[in-house]
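The following note was prepared for a colleague who wishes to examine a structure residue by residue. Please read the numbered points alongside the coordinates.

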Amino acid sequence: MHRENLRIDGKRLRTALEEMAKIGATPGGGVQRLTLSDEDKQARDLFIKWLHEIDLEVMIDEMGNIFGKRAGKSTKLPPVMVGSHMDSQPKGGRFDGILGVMGALEVLRTINDNGIETERPIIIVDWTNEEGTRFAPAMMGSGVWTGKLDKDWLYGRIDIHGKRFGEELERIGYKGGRPAKRWPVHAYYEYHIEQGPVLEREKKLIGAPKGIVCLHWYDIYVEGTANQVGPTPMEGRNDALCAAAEMVLKVNELPAKMGGNMVATVGEIHNFPNSRNIIPDRVHLTVDIRSWDEGLAVSAWEDLKADFEGIAGRRGCPIRMEETWRVGHTPFEDRLVKRVVDIAEQFGYPSHSMVSGAGHDATYMSQVAPTAMIFVPSIGGRSHVEVENTRWDDCEAGANVLLHCVLQSALEV
Ligand SMILES: [Zn+2]
């Protein structure tokens with residue numbers, strides 16, 4: 001068979017995704033596979049079993065990142081890497097992350113079935129804790145591997161039950177012996193659902209993101225004065241929740257105010273003591289600002305900070321603001337992005353040049369290796385929810401593009 005006619009097996013890809021979707025399946029049709037949970041372990045065990053079935057050399061590092069290596073003709077040339085993550089949001093979807101890992105597995109199965117020898121090794125990867133929902137921040141595995149995050153700091157991160165990341169990693173048996181340290185990489189590809197509405201709206205099948213927006217996270221703590229709600233008159237109250245409510249709306253209004261391409265969100269809020277008959281005396285809320293234009297995101301925060309201080313002062317509620325995480329915007333490698341577009345075109349798949357609004361392991365990878373991503377449409381633009389869905393045909397199409405991207409890179413000398 002001519003190599004250009006090579007196709008992945010869509011049915012086999014679907015079966016793999018369906019098998020994985022059983023692990024941590026939720027009644028609403030989604031999955032809950034939180035990082036380092038028992039479900040995460042189960043998914044890892046199954047993944048490794050599948051890696052062994054196609055004779056890959058399996059490696060696990062001290063962050064729990066799992067690698068499966070298929071040798072190339074050369075042992076000296078840097079490998080091509082391909083993968084994503086298998087952890088999920090609480091009550092998350094069946095495609096986020098796992099499509100990129102199962103897609104990569106299907107690519108390797110196809111290459112294997114056809115006995116293709118590549119010049120370079122190909123390494124499939126499952127990165128630990130991409131979601132950052134049980135343990136913050138996100139993208140820990142790729143962050144440490146690329147030298148951008150500190151391993152010991154992350155080992156000490158705790159979840160809401162006080163469990164430590166490092167101890168949980170050990171508990172599920174995935175604290176590997178290899179240092180989480182990068183090696184030279186020839187190209188990194190990550191296949192993922194779009195998680196937004198753009199491809200569907202534009203009626204395009206393949207998204208070729210030119211990069212990922214910047215991502216700025218803040219934690220805000222507002223203090224009030226607790227008191228019995230009945231006897232305390234309205235005037236003179238220091239209600240932390242009312243101050244927070246005004247702040248939430250300021251965040252929502254921010255993108256329109258700043259103009260340009262930006263989104264801003266408060267997604268998490270904790271109210272204390274959270275009792276119907278006590279005036280709230282403490283609120284913790286998070287702010288997430290994303291834009292392709294980093295300068296705009298920074299000046300938006302400056303603007304917001306001033307608004308927050310104004311609200312806090314007016315309501316007599318002291319405020320503390322912390323910058324939790326900042327990741328710059330990430331341009332991908334032009335040559336590889338063009339390859340995604342070209343291959344999609346050869347297949348007759350309509351493609352669309354875009355920007356990714358979600359963070360991915362490709363964010364860190366692109367800082368150390370030529371990187372590109374492949375997107376396929378999310379039905380209704382929904383993601384991080386149980387109804388997250390992508391057509392099986394679209395899953396297959398994206399994996400075919402991935403196959404030829406990986407092959408072209410792996411055949412380069
Ligand atoms: Zn993801």
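The points below concern a predicted model and address a pocket, several residue environments, the cysteines and the backbone.

1. The second largest pocket. The space in this pocket amounts to about 180 Å³. Its lining consists of Arg3, Glu4, Arg7, Gln346, Phe347, His404, Leu407, Gln408 and Leu411. By class, the lining residues comprise 3 nonpolar, 3 polar and 3 charged. Helix H12, which spans residues 392–411, makes the greatest contribution to the lining, with 4 residues.

2. Arg339. This residue belongs to helix H10 (residues 334–346). Its relative accessibility is 10%, so Arg339 counts as buried, the limit being under 20%. The side chain of Arg339 forms a polar contact of 2.7 Å with the side chain of Ser409. Beyond residues up to four places away in sequence, Arg339 touches Tyr189, Cys405, Gln408, Ser409 and Glu412. One of these, Gln408, also appears in the lining of the second largest pocket.

3. Ser409. The partner of Arg339 in that polar contact is located in helix H12. Ser409 has a relative accessible area of 0% and is therefore buried. Leaving aside neighbours within four places in sequence, Ser409 is in contact with Val80, Arg120, His186, Ala187, Tyr189, Leu336 and Arg339. Tyr189 is thus listed among the contacts of Ser409 and also among those of Arg339. The C-alpha atoms of Ser409 and Glu4 are separated by 14 Å, with these positions 405 residues apart along the chain; Glu4 is one of the pocket-lining residues named in point 1.

4. Ile116. Which residues does Ile116 contact, leaving aside its neighbours within four places in sequence? They are Arg3, Leu6, Arg70, Ile111 and Leu407. Both Arg3 and Leu407 also line the second largest pocket. Ile116 itself sits in the loop between helix H3 (98–113) and strand S4 (122–127). Its relative accessibility of 8% places Ile116 in the buried class. Between the C-alpha atoms of Ile116 and Leu407 the separation is 9.3 Å, although the two are 291 residues apart along the chain.

5. Phe332. The loop between strand S12 (330–331) and H10 holds Phe332. At 5% relative accessibility, this residue is classed as buried. Not counting residues up to four places away in sequence, Phe332 touches Pro209, Lys210, Gly211, Ile212, Val337, Ala362, Ser366, Thr371, Ala372 and Met373. The C-alpha atoms of Phe332 and Thr363 are 8.6 Å apart, and the two residues are 31 residues apart along the chain.

6. Ser366. Ser366, a contact of Phe332, is in the loop between helix H11 (361–365) and strand S14 (371–376). With 18% relative accessibility, Ser366 counts as buried, because the class takes values under 20%. Its side chain reaches the backbone oxygen of Thr363 at 2.9 Å. Apart from residues up to four places away in sequence, Ser366 touches Thr330, Pro331, Phe332 and Thr371. Thr371 is accordingly found in the contact lists of Ser366 and Phe332.

7. Cysteines. How many disulfides does a search of the whole structure find? The number is 0. Cys242 is in no disulfide, and the nearest cysteine sulfur, belonging to Cys317, is 8.4 Å away; a disulfide would require the sulfur atoms to be within 2.5 Å. Cys242 has 32% relative accessibility and counts as partly exposed, whereas Cys214, at 0%, counts as buried.

8. Cis peptide bonds. The bond joining Ala136 and Pro137 is cis, with omega about 0°. Pro137 is placed in the loop between S4 and helix H4 (140–145). A cis peptide bond also runs from Phe272 to Pro273, where omega is near -5°. Pro273 occupies the loop between strand S9 (269–272) and strand S10 (282–291).

9. Positive phi values. Leu36, a residue other than glycine, has a positive phi near 65°. Leu36 lies in the loop between helix H1 (10–22) and helix H2 (38–53) and is buried, with a relative accessible area of 0%. His384 likewise is not a glycine and has a positive phi of about 65°. The loop between S14 and H12 contains His384, which is partly exposed at a relative accessible area of 35%.

Definitions and conventions: Residues numbered from 1 in each chain as written. Predicted model: local features only at pLDDT ≥ 70, side-chain atom pairs only at ≥ 80, totals over all residues. Heavy atoms only, no water. 1 Å grid on protein atoms, 1.4 Å probe; cavity = no way out; pocket = protein on both sides within 12 Å on 5 of 7 lines; lining within 4 Å. Points joined across faces, edges and corners; volume = space filled by probe spheres on them. Helix = DSSP H or I, 4+ residues; strand = E, 2+ residues; numbered from the N terminus. Nonpolar A, V, L, I, M, F, W, Y, C, P; charged D, E, K, R; others polar. Buried < 20%, exposed > 50% of the residue type's maximum accessible area, 1.4 Å probe, protein only. Polar contact = N/O pair within 3.5 Å; in protein donor to acceptor, adjacent residues only side chain to side chain. Contact = heavy atoms within 4.5 Å.
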